[in-house]
Number of protein chains: 2
Amino acid sequence: MSQTWAISGVDLHLDLRGSRVRGALETSLRDAVKGGRLQPGTRLPPSRTLATDLGISRNTVAAAYAQLVAEGWLEARQGSGTRVAAHPARRPVGDRTQPDPPAPPRFDLRAGAPDVASFPRAEWIASARRALRDAPAAVFGYGEVRGRRELREAVAEYLARARGVDVTPDRVVVCAGFTDGLRVLGLALRAGGASTVAVEGYGHRLHREIVAAAGLDVVTVGVDDDGAAVDGLGGADAAVLTPAHQFPLGSVLTSERRLRAIEWARAGGRMLIEDDYDGEFRYDRQPVGALQALAPDHVVYAGTASKSLAPGMRLGWLVVPSRLLDAVLEQRVLGGAPSTIDQIALADFLRSGAYDRHVRRARLAYRRRRDRLLAALPGLRVRGAAAGLHVVVELPPEMTEREAVDRAHRHGVFVEPLSAYGAGDHFPALVVGYGTPPEHAFTTAVARLAAALTA
Amino acid sequence: MSQTWAISGVDLHLDLRGSRVRGALETSLRDAVKGGRLQPGTRLPPSRTLATDLGISRNTVAAAYAQLVAEGWLEARQGSGTRVAAHPARRPVGDRTQPDPPAPPRFDLRAGAPDVASFPRAEWIASARRALRDAPAAVFGYGEVRGRRELREAVAEYLARARGVDVTPDRVVVCAGFTDGLRVLGLALRAGGASTVAVEGYGHRLHREIVAAAGLDVVTVGVDDDGAAVDGLGGADAAVLTPAHQFPLGSVLTSERRLRAIEWARAGGRMLIEDDYDGEFRYDRQPVGALQALAPDHVVYAGTASKSLAPGMRLGWLVVPSRLLDAVLEQRVLGGAPSTIDQIALADFLRSGAYDRHVRRARLAYRRRRDRLLAALPGLRVRGAAAGLHVVVELPPEMTEREAVDRAHRHGVFVEPLSAYGAGDHFPALVVGYGTPPEHAFTTAVARLAAALTA
């Protein structure tokens with residue numbers, strides 16, 4: 001979800017999730033015209049285009065445009081779209097009398113992304129330079145379907161050491177982040193005759209869409225403090241789980257349920273997909289090892305650099321049981337593999353120790369952030385705080401999710417309700433991510449959230 | 001098609017296309033054991049794994065293993081797979097009496113890849129460093145679905161200037177090479193109700209597989225000296241064409257056929273997909289502009305860095321008509337987008353002029369190679385030589401394709417028959433790529449091919 005966009009080369013900053021999207025869009029455009037950054041006559045993108053670009057509804061964009069036309073900042077002409085008004089200073093006098101809309105939220109406490117400002121640019125470019133200098137020319141050609149051997153060996157070494165994964169380099173398949181991996185797995189399972197995949201009742205909507213797009217029926221299982229209720233997996237052919245840190249509820253799949261999930265898979269020749277999205281970030285106890293190690297023939301381990309390094313890198317890896325490997329590679333050959341240059345850069349980054357150093361630094365920083373967040377919310381029950389980059393904050397009595405989100409927005413904070421991630425029978429809560437704000441903004445962001453929930 | 005692979009970290013070089021795959025594999029393994037690079041006891045990958053890795057049949061690998069076990073180089077034990085023999089020097093005496101198999105072909109004249117040894121490493125890393133240094137932190141986050149604006153603007157500027165494409169940055173969709181773009185287009189067309197896509201009767205088998213994997217029926221149209229026989233497009237809902245340089249026959253789609261293809265598309269609300277895979281490389285006349293410019297609402301333009309820079313980069317771009325854009329972005333969001341870091345690096349590479357410089361250098365180098373190739377084959381008719389990185393060489397009277405390929409292999413040259421790219425009613429010919437060999441090997445490669453076809 002990009003928050004920076006551009007019209008005619010002018011960058012506009014915009015925070016668009018939450019309930020005040022239209023107001024945020026109006027303010028952003030109005031300020032850009034007022035401040036002269038968008039010059040008179042500049043053509044705005046069609047409402048449909050902008051809506052697609054920003055991931056919001058076309059009606060919202062059309063309404064914002066209409067409001068700004070009414071205010072005199074924009075002009076709409078039949079057949080030539082919407083432009084910045086020729087003389088936007090001559091706006092209707094009435095405009096002055098309207099109260100200014102509230103400023104869009106400035107602090108992003110949504111879950112799902114790390115602190116991208118801490119991306120180790122210098123170390124990454126050093127790895128890329130070394131890797132490019134030393135690489136055989138074949139790196140620039142069409143690569144091995146499963147990914148460059150350098151990277152598969154480095155990933156295998158790392159996963160065995162850091163996550164206890166049962167892995168050999170030949171069973172590692174490089175992919176463009178978890179979504180690409182899930183897509184390829186879904187298609188491979190479907191090709192093998194699977195028809196139904198179970199997912200956790202709380203999670204990313206996009207993951208369900210990817211499974212469904214592979215032609216599979218999606219069913220859900222409940223989630224509680226012990227993780228996914230694996231007894232409900234029933235007749236599904238495969239299941240996608242987040243055993244180390246349920247997303248977003250934060251619970252850890254108990255040992256007993258791990259064993260039952262594996263029994264389920266073994267009994268029916270089924271497949272478990274372990275989404276280990278933030279396994280590196282665990283604070284208060286020993287890391288929970290990968291489920292995959294208990295049954296390497298029945299679990300696909302899926303890891304990603306999206307949380308540990310940067311989502312924009314689009315690099316992830318699957319460890320695939322031998323019996324599913326051919327089917328996965330058949331789908332992999334049909335496109336979507338990441339750049340081999342990035343693959344050798346990441347291999348160097350892993351091998352040189354830069355990855356470990358970065359993860360250690362990040363773990364320390366996120367742990368401090370978590371502690372500051374918990375200290376700022378003393379009266380509220382917080383779940384899932386032992387790991388990861390987000391927590392679930394239960395709301396004070398009689399405060400609804402909608403009310404809490406609106407209050408946070410009025411305090412300048414973007415945050416999402418738990419209901420955005422599922423429709424189960426849950427307590428009213430917010431999902432609060434603490435990875436995203438840059439360091440300098442974190443204290444203020446947390447203070448404002450606390451004020452919103454306690455004032 | 002990787003030609004370098006590794007067992008236990010030992011790199012083995014292997015050329016595997018063509019008719020002597022098994023012999024090549026045996027030789028490669030035998031030499032590695034003989035030379036001590038593969039140590040006694042080293043475990044070989046399971047035959048299925050190696051077959052998948054190399055893209056050859058499992059039977060071929062199993063037969064090669066069996067032969068080497070018979071020769072005493074390898075040992076097979078029940079339950080523990082195949083290993084390098086403990087004492088490979090004590091091979092059966094009989095081995096000495098067998099004639100050495102012919103050496104595997106050393107020169108690769110297959111079509112479809114550029115000279116990867118000429119990849120501009122220093123300039124690329126300079127662009128990556130500049131781009132990383134100056135980028136806003138948002139680059140490292142989940143990016144815009146259609147790709148980074150910096151890259152879409154640079155691509156739009158380049159395509160309008162170099163290929164005459166009718167393009168705005170908002171209609172550019174970044175993809176991971178042409179295969180990823182074709183996959184996304186196929187799914188978008190299917191979601192919009194399309195059921196049949198026409199492809200040219202000669203082309204890449206993988207492209208047909210990708211279209212079919214999107215749930216579309218694939219039909220073919222004939223190809224002749226005027227390009228695709230577009231009158232045969234009939235009732236298809238869309239067609240994939242290579243108008244600038246038919247792959248692999250090399251003909252240019254005539255003006256008259258361009259207009260008829262567009263009439264076909266307009267009349268039925270259909271879509272043309274213009275695969276402009278090597279539009280940068282044209283030698284003897286003015287570049288043929290993009291078909292897309294004639295009907296931007298009915299043609300998707302698809303370009304790639306795979307031929308102009310390197311296939312391993314997995315970077316390409318679509319220019320999508322507005323009416324198809326939403327459907328394409330809906331598929332794009334489901335995964336497979338390339339790294340945003342690569343995107344800003346390529347944007348810098350385009351903007352800094354490094355791309356133009358590289359293409360000019362490469363064009364000159366490939367033109368010289370083409371001239372040397374043509375000069376070496378004086379008695380043979382050569383087609384499609386005005387552009388691209390390959391030609392079609394008609395065979396001398398009474399020489400079959402199979403015979404020509406075998407003769408070339410015996411001269412150490414990998415080359416493919418025209419029939420590898422289609423099953424039409426064609427003249428016997430070879431498809432000879434002149435991009436792949438490194439510069440120092442090119443003269444010998446061409447001389448050997450000439451010897452094979454004329455001796």
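**Backbone features, interface and cavities of the two chains**

In chain A, Pro248(A) is located in the loop that runs between strand E11 (238–241) and helix H9 (255–268). The structure is a predicted model, and in it the peptide bond joining Phe247(A) and Pro248(A) is cis, with an omega of about 5 degrees. In chain B, a cis peptide bond likewise leads from Phe247(B) to Pro248(B), with omega near 5 degrees, and Pro248(B) lies in the loop between strand E11 (238–241) and helix H9 (255–268) of chain B. A further backbone feature concerns Glu398(A), which, although not a glycine, has a positive phi of about 75 degrees. Glu398(A) belongs to the loop between strand E16 (390–394) and helix H13 (401–410) of chain A.

The contact between the chains was examined next. Chain B contributes 59 residues to this contact, and chain A contributes 59 residues. Between them the two chains bury an area of about 5000 Å², to which carbon and sulfur atoms give 57%. Within the part of this area that chain B buries against chain A, 15% is supplied by Arg121(B), Phe140(B) and Tyr142(B), more than by any other three residues. With respect to specific interactions, the number of salt bridges between chain B and chain A is zero, whereas 13 residue pairs are found in polar contact across the interface, with both residues of each pair at pLDDT 80 or more.

Several helices of chain B take part in the side that touches chain A, and at least two residues come from each of helix H2 (47–54), helix H5 (121–134), helix H6 (149–163), helix H7 (177–191), helix H8 (205–213), helix H10 (322–332) and helix H11 (340–351). The most is given by H5(B), which supplies eight residues to this side of chain B. When the residues of the side of chain B that touches chain A are divided by class, 28 are nonpolar, 13 are polar and 18 are charged.

The search for enclosed space, carried out over the whole structure, finds nine cavities of 30 Å³ or more. The largest cavity holds about 90 Å³ of space. It is lined by 14 residues, and those closest to the centre of this cavity are Trp124(A), Ala128(A) and Asp342(A), together with Ala128(B) and Asp342(B). Both chains thus appear in the lining of the largest cavity, to which helix H5 (121–134) and helix H11 (340–351) of chain A, as well as H5 and H11 of chain B, each supply at least two residues. By class, the lining of the largest cavity consists of 12 nonpolar and two charged residues, with no polar residues.

For the second largest cavity, the space amounts to about 60 Å³. The lining of the second largest cavity comprises 13 residues, among which Ala337(A), Pro338(A), Ser339(A), Pro338(B) and Ser339(B) lie nearest its centre. In terms of class, eight residues of the lining of the second largest cavity are nonpolar, two are polar and three are charged.

Notes:
Residues are numbered from 1 along each chain as its sequence is written. Chains are lettered from A and ligands numbered from 1 in the order in which they are written. This is a predicted model: local features need pLDDT of at least 70, side-chain atom pairs count only at pLDDT 80 or more; totals for chains, interfaces and linings use all residues. Side-chain values use heavy atoms; hydrogens and water are left out. Contact means heavy atoms within 4.5 Å. Buried area is the accessible area (1.4 Å probe) that two parts lose on being put together, summed over both. A salt bridge is a side-chain nitrogen of Lys or Arg within 4 Å of a carboxyl oxygen of Asp or Glu. A polar contact is a pair of N or O atoms within 3.5 Å; within protein, one must be able to donate a hydrogen and the other to accept it, and residues adjacent in sequence count only if both atoms are side-chain atoms. Helices (H or I, at least four residues) and strands (E, at least two) are DSSP runs, numbered from the N terminus. Ala, Val, Leu, Ile, Met, Phe, Trp, Tyr, Cys and Pro count as nonpolar, Asp, Glu, Lys and Arg as charged, and the others, Gly among them, as polar. On a 1 Å grid over the protein atoms alone, a cavity is a set of points where a 1.4 Å probe fits but cannot get out, and a pocket is an open set with protein on both sides within 12 Å along at least five of seven lines; lining residues have an atom within 4 Å of a point. Grid points are joined across faces, edges and corners, and a volume is the space filled by probe spheres set on the points.
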